[in-house]
Amino acid sequence: MRKTIIAGNWKMNGLRADAAALITDLRAKLDGNTDGVEVLVCPPFTALATAEERLKGSAIGLGGQNTFWKEKGAYTGQISPSMLKDAGCTYVILGHSEPRGRFGVPEPDFTPEILAHFGDCDATVNRKLKAVLAAGGLQPIICVGETLSERQAGNTDSVIQTQTRAALDGIAPESVPALVFAYEPVWAIGTGEVCEAGEADRVCGVVRSTVGELYGESAADAVRVQYGGSVKADNALDLLSRPNIDGALVGGASLKAGDFAAIVAAAPERQSV
Ligand code: PEP
């Protein structure tokens, strides 16, 4: 039985005082209320220390929003997996569409040249995954997702398969069952336009079957696949009840304690608690 995992991606939101206040509110709603569900928040790097302090004694986990594949050195502005662990993280998001330079809501001042240099591509996601697994102690959440034009061209499945295969290139079979993927259609991120639950379930199944083709059925059965993209309290139950959707990666709605707690409460495991 795969355990549901609900992650809050705060993106570039929140000063330390905001992070402290949000965690206080979240704990008031979630402490003692997360049985059967893994819950975590991913604040900006600058708020990790505050978040770690405020999460002491809570079952809510802490994650980074990105990392770099080198352990240390002349890599200005980068954060290594061991730095994330040192900051109290036990999770890390890899290959989110925004650092890949793929945005659901167009950013008119980001020219093609700027987008091309935004950061991540399939090869860097693969290097980052290898570095995270080598470091140990961090649960990677690997994001894959198609843009609107890729979907409209009928390329959703091939994009998802390509990104999934590229992320896993050279990853040892024993590491795979514990991995978490997030299917995040780029066109649904931050747009309020959620992917229809049946279709989200189908594409999460594409991630799973791609893992199966590479590593076999038991690995495919074991990996968890979240859905992300405009998950809200009112659509969470429909999404989370689907057989291939093992959780949610939540952006905007994770910034409000009540909304995020309602999404956690919608997890099927919570329905019977
Ligand atoms: C995300 O950033 O991972 C995300 C899914 O954002 P939102 O929930 O705001 O669409």
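Start at the ligand in this predicted model. Select the 14 residues around the ligand; among them, Lys 11, Glu 184, Gly 190, Ser 230 and Gly 252 come nearest.

Next, show the polar atoms of the backbone on this lining. A backbone N or O atom of Gly 190 sits 2.7 Å from a ligand oxygen. A polar backbone atom of Ser 230 is likewise 2.7 Å from an oxygen atom of the ligand. For Gly 251, the distance from a polar backbone atom to a ligand oxygen is 2.8 Å. Now turn on the surface: the ligand taken alone exposes 290 Å², and the protein buries 97% of that.

Stay with Ser 230. Select the loop between strand E7 (224-228) and helix H10 (233-240), where Ser 230 is found. Its phi is positive, about 60°, although Ser 230 is not a glycine. Is Ser 230 buried or exposed? With a relative accessible area of 8%, Ser 230 falls under the 20% cut-off, so it counts as buried.

Move to Lys 11, another of the residues that come nearest to the ligand. Lys 11 lies in the loop between E1 and helix H1 (16-30). This residue also has a positive phi, about 55°, and is not a glycine. Display the backbone nitrogen of Lys 11: a polar atom of the Asn 9 side chain lies 3.0 Å from it.

That contact leads to Asn 9. Select strand E1 (residues 4-9), which holds Asn 9. The relative accessibility of Asn 9 is 5%, so the residue counts as buried. Show the side chain of His 96 as well; a polar contact of 3.5 Å joins it to the side chain of Asn 9. To see the rest of the surroundings, leave out residues up to four places away in sequence: Asn 9 then touches Cys 42, Gln 65, Ile 93, His 96, Leu 249, Val 250, Gly 251 and Ser 254. One of these, Gly 251, was met above through its backbone contact with a ligand oxygen.

Now select strands E4 (91-94) and E5 (139-144). These two strands pair in the parallel sense over four bridges. To check the register, pick Leu 94, whose bridge partner in E5 is Ile 142. Then add strand E6 (residues 180-183), which pairs with E5, also in the parallel sense and over four bridges. Here the pair to pick is Ile 141 and its bridge partner in E6, Val 180.

Keep E5 selected and look at its side chains. Which residues cover each face of E5? Gln 139, Ile 141 and Cys 143 are on one side, Pro 140, Ile 142 and Val 144 are on the other, and all are buried. Six of the six residues of E5 are buried, so the strand is largely enclosed by the rest of the structure.

End the tour at helix H5 (residues 122-135). Put a distance marker between its end C-alpha atoms, which are 20 Å apart; this agrees with the 20 Å that 14 residues should span at 1.5 Å a residue. Colour the buried residues of H5: Thr 124, Val 125, Asn 126, Lys 128, Leu 129, Ala 131 and Val 132. What do these residues pack against? Their partners are helix H3 (81-86), strand E4, strand E5 and helix H7 (156-168). Finally, select Gly 136, just after H5, which takes a positive phi of about 70°.

Terms used. Residues numbered from 1 in each chain as written. Predicted model: local features only at pLDDT ≥ 70, side-chain atom pairs only at ≥ 80, totals over all residues. Heavy atoms only, no water. Expected span 1.5 Å × (residues − 1). Buried < 20%, exposed > 50% of the residue type's maximum accessible area, 1.4 Å probe, protein only. Contact = heavy atoms within 4.5 Å. Near = heavy atom within 4 Å. Polar contact = N/O pair within 3.5 Å; in protein donor to acceptor, adjacent residues only side chain to side chain. Areas by Shrake-Rupley, 256 points an atom, 1.4 Å probe, with all protein chains shown as cover. Pairing = 2+ DSSP bridges.
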